[in-house]
Amino acid sequence: MTQIALLGTGIMGAAMARNLLKNGHGVAAWNRTRERAEPLAADGATVVDSPAEAVEGADVVMTMLNDGDTALAVMTDAAPALRDGQVWAQMGTVGVDDVPRLAAFAAEHGATFVDSPVQGTKQPAEQGKLTVLAAGPQDARTVLDPVFGAIGSRTLWLDEDGASGAGTRLKLAAVSYAISLTSVIAESVALTKGLGLDPALLGEVLTGGPLDNAYLQIKMKAMLADDYATSFAVRNAEKNTRLIHDAAASAGVRVDVNDAAGDRFRRVIEQGHGDEDMAATYRASFGG
(Lines give C-alpha, C1' and ligand atoms only; values in the text may rest on other atoms or scores of the structure.)
Protein backbone atom coordinates (compact mmCIF):
# COMPACT_ATOMS: atom_id res chain seq x y z
CA MET A 1 0.00 0.00 0.00
CA THR A 2 1.18 3.48 -0.89
CA GLN A 3 0.06 6.37 1.30
CA ILE A 4 -1.05 9.23 -0.93
CA ALA A 5 -1.85 12.85 -0.18
CA LEU A 6 -4.37 13.96 -2.78
CA LEU A 7 -4.68 17.73 -3.00
CA GLY A 8 -7.67 18.73 -5.09
CA THR A 9 -10.85 16.63 -5.18
CA GLY A 10 -12.90 18.11 -7.98
CA ILE A 11 -14.47 15.98 -10.72
CA MET A 12 -11.16 14.41 -11.67
CA GLY A 13 -9.50 14.28 -8.27
CA ALA A 14 -12.46 12.60 -6.58
CA ALA A 15 -12.64 9.91 -9.25
CA MET A 16 -8.91 9.31 -8.98
CA ALA A 17 -9.15 9.05 -5.19
CA ARG A 18 -11.83 6.37 -5.40
CA ASN A 19 -9.76 4.27 -7.79
CA LEU A 20 -6.70 4.60 -5.58
CA LEU A 21 -8.74 3.40 -2.61
CA LYS A 22 -10.23 0.50 -4.59
CA ASN A 23 -6.71 -0.63 -5.40
CA GLY A 24 -5.66 -0.73 -1.76
CA HIS A 25 -3.81 2.56 -1.44
CA GLY A 26 -4.28 4.92 1.48
CA VAL A 27 -5.57 8.42 0.65
CA ALA A 28 -5.54 11.59 2.72
CA ALA A 29 -7.76 13.97 0.76
CA TRP A 30 -7.81 17.75 0.93
CA ASN A 31 -9.84 20.29 -1.00
CA ARG A 32 -10.07 24.03 -0.51
CA THR A 33 -13.84 23.56 -0.17
CA ARG A 34 -13.91 20.72 2.34
CA GLU A 35 -17.49 19.74 1.46
CA ARG A 36 -16.28 18.51 -1.92
CA ALA A 37 -13.83 16.12 -0.27
CA GLU A 38 -16.08 14.82 2.49
CA PRO A 39 -17.96 12.22 0.36
CA LEU A 40 -14.63 10.40 -0.08
CA ALA A 41 -14.69 9.43 3.59
CA ALA A 42 -17.37 6.87 2.77
CA ASP A 43 -14.90 5.26 0.34
CA GLY A 44 -12.19 5.02 2.99
CA ALA A 45 -10.28 8.26 2.53
CA THR A 46 -9.12 10.39 5.43
CA VAL A 47 -10.45 13.88 4.81
CA VAL A 48 -8.21 16.57 6.30
CA ASP A 49 -8.37 20.30 6.89
CA SER A 50 -5.05 21.46 5.43
CA PRO A 51 -2.49 20.52 2.78
CA ALA A 52 0.14 20.11 5.50
CA GLU A 53 -2.03 17.58 7.33
CA ALA A 54 -2.53 15.65 4.08
CA VAL A 55 1.14 15.35 3.16
CA GLU A 56 2.37 14.37 6.61
CA GLY A 57 3.43 10.75 6.38
CA ALA A 58 2.57 10.43 2.69
CA ASP A 59 4.81 8.52 0.28
CA VAL A 60 3.35 10.37 -2.71
CA VAL A 61 1.82 13.83 -2.97
CA MET A 62 -0.58 14.19 -5.88
CA THR A 63 -1.85 17.62 -6.91
CA MET A 64 -4.92 17.82 -9.12
CA LEU A 65 -5.41 21.57 -9.11
CA ASN A 66 -6.59 24.17 -11.58
CA ASP A 67 -3.35 25.89 -12.56
CA GLY A 68 0.31 26.37 -11.75
CA ASP A 69 -0.18 29.28 -9.37
CA THR A 70 -2.74 27.31 -7.36
CA ALA A 71 -0.49 24.24 -7.24
CA LEU A 72 2.42 26.34 -5.99
CA ALA A 73 0.28 28.10 -3.37
CA VAL A 74 -1.13 24.83 -2.05
CA MET A 75 2.28 23.18 -1.91
CA THR A 76 3.62 26.24 -0.08
CA ASP A 77 0.90 25.65 2.52
CA ALA A 78 1.99 22.01 2.69
CA ALA A 79 5.71 22.83 2.91
CA PRO A 80 6.06 22.62 6.74
CA ALA A 81 5.10 18.94 6.59
CA LEU A 82 7.08 17.95 3.48
CA ARG A 83 10.05 15.69 4.02
CA ASP A 84 13.04 14.59 2.01
CA GLY A 85 12.31 11.79 -0.40
CA GLN A 86 8.61 12.38 -0.94
CA VAL A 87 7.47 12.12 -4.54
CA TRP A 88 5.32 14.95 -5.85
CA ALA A 89 3.22 14.00 -8.87
CA GLN A 90 1.87 17.21 -10.39
CA MET A 91 -1.16 15.93 -12.33
CA GLY A 92 -3.18 19.02 -13.21
CA THR A 93 -2.93 20.98 -16.45
CA VAL A 94 -0.50 23.84 -15.99
CA GLY A 95 1.48 26.08 -18.31
CA VAL A 96 4.80 25.09 -19.84
CA ASP A 97 6.45 27.98 -17.98
CA ASP A 98 4.95 26.82 -14.68
CA VAL A 99 6.74 23.48 -14.65
CA PRO A 100 10.29 24.73 -13.92
CA ARG A 101 8.92 26.85 -11.04
CA LEU A 102 7.15 23.86 -9.52
CA ALA A 103 10.19 21.63 -10.00
CA ALA A 104 12.42 24.21 -8.32
CA PHE A 105 10.04 24.39 -5.35
CA ALA A 106 10.17 20.60 -5.01
CA ALA A 107 13.97 20.61 -5.11
CA GLU A 108 14.12 23.29 -2.41
CA HIS A 109 12.08 21.06 -0.12
CA GLY A 110 13.80 17.76 -0.89
CA ALA A 111 10.89 16.29 -2.86
CA THR A 112 11.19 14.45 -6.16
CA PHE A 113 9.16 16.26 -8.80
CA VAL A 114 7.27 14.34 -11.47
CA ASP A 115 5.42 16.22 -14.20
CA SER A 116 2.45 13.92 -14.83
CA PRO A 117 -0.74 15.47 -16.20
CA VAL A 118 -3.51 13.11 -17.22
CA GLN A 119 -5.32 12.81 -20.53
CA GLY A 120 -9.01 12.10 -20.14
CA THR A 121 -12.15 13.53 -18.57
CA LYS A 122 -14.79 12.42 -16.07
CA GLN A 123 -15.77 9.04 -17.48
CA PRO A 124 -12.26 7.63 -18.02
CA ALA A 125 -11.28 9.04 -14.61
CA GLU A 126 -14.15 7.14 -13.00
CA GLN A 127 -13.25 3.99 -14.92
CA GLY A 128 -9.56 4.19 -14.05
CA LYS A 129 -8.70 4.54 -17.74
CA LEU A 130 -6.82 7.82 -17.84
CA THR A 131 -3.55 8.15 -19.72
CA VAL A 132 -0.74 9.53 -17.58
CA LEU A 133 1.84 11.63 -19.44
CA ALA A 134 4.85 11.54 -17.15
CA ALA A 135 8.37 12.85 -16.86
CA GLY A 136 10.52 12.03 -13.85
CA PRO A 137 13.51 10.03 -12.60
CA GLN A 138 13.72 6.24 -12.52
CA ASP A 139 13.52 5.95 -8.73
CA ALA A 140 10.20 7.83 -8.72
CA ARG A 141 8.79 5.46 -11.32
CA THR A 142 9.14 2.50 -8.98
CA VAL A 143 6.97 4.32 -6.45
CA LEU A 144 4.49 5.72 -8.94
CA ASP A 145 3.87 2.84 -11.33
CA PRO A 146 1.33 1.08 -9.04
CA VAL A 147 -0.24 4.44 -8.20
CA PHE A 148 -0.60 5.47 -11.83
CA GLY A 149 -1.80 1.95 -12.62
CA ALA A 150 -4.72 2.46 -10.24
CA ILE A 151 -5.97 5.58 -12.00
CA GLY A 152 -5.02 4.93 -15.59
CA SER A 153 -4.81 2.31 -18.28
CA ARG A 154 -1.52 3.65 -19.65
CA THR A 155 1.48 5.62 -18.46
CA LEU A 156 3.78 7.17 -21.03
CA TRP A 157 7.17 7.96 -19.48
CA LEU A 158 8.59 10.71 -21.66
CA ASP A 159 11.68 12.04 -19.90
CA GLU A 160 13.76 11.40 -16.79
CA ASP A 161 13.66 15.05 -15.74
CA GLY A 162 10.32 16.33 -14.48
CA ALA A 163 11.49 19.92 -14.92
CA SER A 164 11.62 19.35 -18.68
CA GLY A 165 7.83 19.59 -18.75
CA ALA A 166 7.57 16.85 -21.36
CA GLY A 167 4.32 15.60 -19.86
CA THR A 168 2.79 19.06 -19.80
CA ARG A 169 3.91 19.81 -23.35
CA LEU A 170 2.31 16.63 -24.69
CA LYS A 171 -0.82 17.22 -22.61
CA LEU A 172 -1.31 20.68 -24.13
CA ALA A 173 -0.92 19.25 -27.63
CA ALA A 174 -3.45 16.51 -26.88
CA VAL A 175 -5.99 18.76 -25.19
CA SER A 176 -5.77 21.20 -28.09
CA TYR A 177 -7.09 18.41 -30.29
CA ALA A 178 -10.05 17.74 -27.98
CA ILE A 179 -10.86 21.43 -27.61
CA SER A 180 -10.66 22.13 -31.34
CA LEU A 181 -12.65 19.01 -32.26
CA THR A 182 -15.40 19.95 -29.80
CA SER A 183 -15.71 23.37 -31.41
CA VAL A 184 -15.76 21.92 -34.93
CA ILE A 185 -18.56 19.53 -33.96
CA ALA A 186 -20.50 22.38 -32.34
CA GLU A 187 -20.25 24.60 -35.40
CA SER A 188 -21.36 21.82 -37.73
CA VAL A 189 -24.36 20.92 -35.57
CA ALA A 190 -25.29 24.59 -35.21
CA LEU A 191 -24.90 25.22 -38.94
CA THR A 192 -27.20 22.31 -39.77
CA LYS A 193 -29.85 23.77 -37.46
CA GLY A 194 -29.28 27.32 -38.70
CA LEU A 195 -29.83 26.22 -42.30
CA GLY A 196 -33.27 24.95 -41.37
CA LEU A 197 -32.58 21.24 -41.05
CA ASP A 198 -32.92 18.79 -38.20
CA PRO A 199 -29.39 18.73 -36.74
CA ALA A 200 -29.77 14.99 -36.11
CA LEU A 201 -29.36 14.60 -39.87
CA LEU A 202 -25.70 15.50 -39.48
CA GLY A 203 -25.27 12.37 -37.40
CA GLU A 204 -26.84 10.29 -40.16
CA VAL A 205 -24.31 11.67 -42.63
CA LEU A 206 -21.24 11.15 -40.43
CA THR A 207 -22.05 7.96 -38.53
CA GLY A 208 -20.26 4.92 -39.93
CA GLY A 209 -18.17 6.93 -42.36
CA PRO A 210 -14.49 7.89 -42.32
CA LEU A 211 -15.21 11.01 -40.23
CA ASP A 212 -17.01 9.08 -37.48
CA ASN A 213 -15.44 8.57 -34.06
CA ALA A 214 -16.55 7.93 -30.47
CA TYR A 215 -15.84 11.49 -29.39
CA LEU A 216 -18.02 12.89 -32.19
CA GLN A 217 -20.88 10.67 -31.07
CA ILE A 218 -20.62 11.66 -27.41
CA LYS A 219 -20.43 15.41 -27.99
CA MET A 220 -22.96 15.50 -30.80
CA LYS A 221 -25.44 13.56 -28.65
CA ALA A 222 -24.98 16.10 -25.85
CA MET A 223 -25.56 19.02 -28.21
CA LEU A 224 -28.65 17.48 -29.79
CA ALA A 225 -30.13 16.80 -26.35
CA ASP A 226 -29.03 20.15 -24.84
CA ASP A 227 -27.49 18.05 -22.07
CA TYR A 228 -24.34 19.71 -20.80
CA ALA A 229 -23.71 17.68 -17.64
CA THR A 230 -20.11 18.48 -16.85
CA SER A 231 -17.37 16.13 -17.89
CA PHE A 232 -14.88 18.92 -18.57
CA ALA A 233 -16.10 22.43 -17.82
CA VAL A 234 -16.12 25.34 -20.23
CA ARG A 235 -14.08 27.39 -17.73
CA ASN A 236 -11.31 24.81 -17.66
CA ALA A 237 -11.33 24.47 -21.43
CA GLU A 238 -11.06 28.24 -21.83
CA LYS A 239 -8.14 28.32 -19.40
CA ASN A 240 -6.44 25.61 -21.42
CA THR A 241 -6.82 27.57 -24.67
CA ARG A 242 -4.75 30.32 -23.07
CA LEU A 243 -2.09 27.86 -21.90
CA ILE A 244 -1.98 26.33 -25.38
CA HIS A 245 -1.70 29.76 -27.00
CA ASP A 246 1.20 30.77 -24.76
CA ALA A 247 3.03 27.47 -25.27
CA ALA A 248 2.57 27.69 -29.02
CA ALA A 249 3.70 31.32 -29.14
CA SER A 250 6.90 30.42 -27.30
CA ALA A 251 7.54 27.75 -29.95
CA GLY A 252 6.72 30.01 -32.89
CA VAL A 253 3.60 28.03 -33.78
CA ARG A 254 0.23 29.53 -34.71
CA VAL A 255 -2.84 27.83 -33.25
CA ASP A 256 -5.68 29.62 -34.99
CA VAL A 257 -8.34 26.97 -34.32
CA ASN A 258 -7.43 26.85 -30.63
CA ASP A 259 -7.64 30.63 -30.39
CA ALA A 260 -11.04 30.68 -32.10
CA ALA A 261 -12.21 27.97 -29.68
CA GLY A 262 -11.12 30.20 -26.81
CA ASP A 263 -13.26 33.04 -28.18
CA ARG A 264 -16.24 30.69 -28.32
CA PHE A 265 -15.71 29.53 -24.73
CA ARG A 266 -15.48 33.11 -23.53
CA ARG A 267 -18.83 33.88 -25.18
CA VAL A 268 -20.37 30.89 -23.41
CA ILE A 269 -18.96 32.07 -20.08
CA GLU A 270 -20.44 35.54 -20.71
CA GLN A 271 -23.78 33.83 -21.33
CA GLY A 272 -23.55 32.31 -17.84
CA HIS A 273 -22.73 28.71 -18.78
CA GLY A 274 -19.09 28.46 -17.73
CA ASP A 275 -19.64 25.52 -15.40
CA GLU A 276 -21.31 23.37 -18.06
CA ASP A 277 -19.47 20.81 -20.14
CA MET A 278 -17.36 22.23 -22.94
CA ALA A 279 -19.87 20.79 -25.42
CA ALA A 280 -21.82 23.92 -24.47
CA THR A 281 -19.58 25.73 -26.96
CA TYR A 282 -22.56 24.89 -29.19
CA ARG A 283 -24.30 27.80 -27.45
CA ALA A 284 -21.66 30.19 -28.77
CA SER A 285 -23.08 29.84 -32.29
CA PHE A 286 -26.30 31.55 -31.22
CA GLY A 287 -27.21 34.73 -29.40
CA GLY A 288 -28.25 33.33 -26.03
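This is a short selection-by-selection tour of one structure, moving from a strand to salt bridges to a pocket. Keep in mind throughout that the model is predicted.

**Stop 1: strand 1 and its partners**

Start by selecting residues 3-7, which make up strand 1. Switch on a surface for the rest of the chain and you should find the strand largely enclosed by the rest of the structure, because 4 of its 5 residues are buried.

Now add residues 26-30, which form strand 2. Strand 1 and strand 2 run parallel, and 5 bridges pair them. For a handy landmark, pick Q3 and look across to strand 2, where G26 stands opposite. To see how the chain gets from one strand to the other, add residues 11-22: this is helix 1, and the path from strand 1 through helix 1 to strand 2 is a right-handed β-α-β crossover.

Next, bring in residues 60-63, or strand 4. Strand 4 is also parallel to strand 1, with 4 bridges joining the two. Here the landmark is L6, whose bridge partner in strand 4 is M62.

**Stop 2: R34 and two acidic partners**

Time for some side chains. The salt bridges in this model number 13, and R34 is a good place to begin. Show R34 and E38 as sticks: they form a salt bridge whose closest N and O atoms are 2.9 Å apart. R34 is partly exposed, at 29% relative accessible area, and E38 is likewise partly exposed, at 38%.

Leave R34 selected and add D49, which meets R34 in a second salt bridge at 2.4 Å, N to O. R34 belongs to helix 2 (residues 34-37) while D49 sits in the loop between strand 3 (46-47) and helix 3 (51-55), so this pair ties together parts that are 15 residues apart in sequence. Is D49 buried or exposed? With a relative accessibility of 56%, D49 counts as exposed.

**Stop 3: a salt-bridge network at helix 11**

Jump along the chain to E238 and R242, whose side chains meet in a salt bridge of 2.9 Å, N to O. Both residues lie in helix 11, and being 4 residues apart they are separated by about one helical turn. Colour the two by accessibility and a contrast appears: E238 is buried at 8%, whereas R242 is partly exposed at 42%. Then extend the selection to D263 and R266, since these residues are linked with E238 and R242 in a network of salt bridges.

**Stop 4: the second largest pocket**

Stay with helix 11 (234-250) and add helix 8 (166-194). For the last view, select V96, R169, L172, A173, I244, A247, A248, S250, A251, V253 and V255, the residues that line the second largest pocket. Helix 8 and helix 11 are the elements that give two or more residues to this lining. Which element provides the largest share of the lining? It is helix 11, with 4 residues.

How much space lies in the second largest pocket? The volume comes to about 180 Å³. Colour the lining by residue class to finish: 9 residues are nonpolar, 1 is polar and 1 is charged.

Technical notes: Residues are numbered from 1 along each chain as its sequence is written. This is a predicted model: local features need pLDDT of at least 70, side-chain atom pairs count only at pLDDT 80 or more; totals for chains, interfaces and linings use all residues. Side-chain values use heavy atoms; hydrogens and water are left out. On a 1 Å grid over the protein atoms alone, a cavity is a set of points where a 1.4 Å probe fits but cannot get out, and a pocket is an open set with protein on both sides within 12 Å along at least five of seven lines; lining residues have an atom within 4 Å of a point. Grid points are joined across faces, edges and corners, and a volume is the space filled by probe spheres set on the points. Ala, Val, Leu, Ile, Met, Phe, Trp, Tyr, Cys and Pro count as nonpolar, Asp, Glu, Lys and Arg as charged, and the others, Gly among them, as polar. Buried means under 20% relative accessible area, exposed over 50%, partly exposed in between (1.4 Å probe, protein chains only). Two strands pair if DSSP finds at least two bridges between them. A crossover is right-handed if, with the strands pointing away from the viewer, the path from the first strand over the helix to the second runs clockwise. A salt bridge is a side-chain nitrogen of Lys or Arg within 4 Å of a carboxyl oxygen of Asp or Glu.
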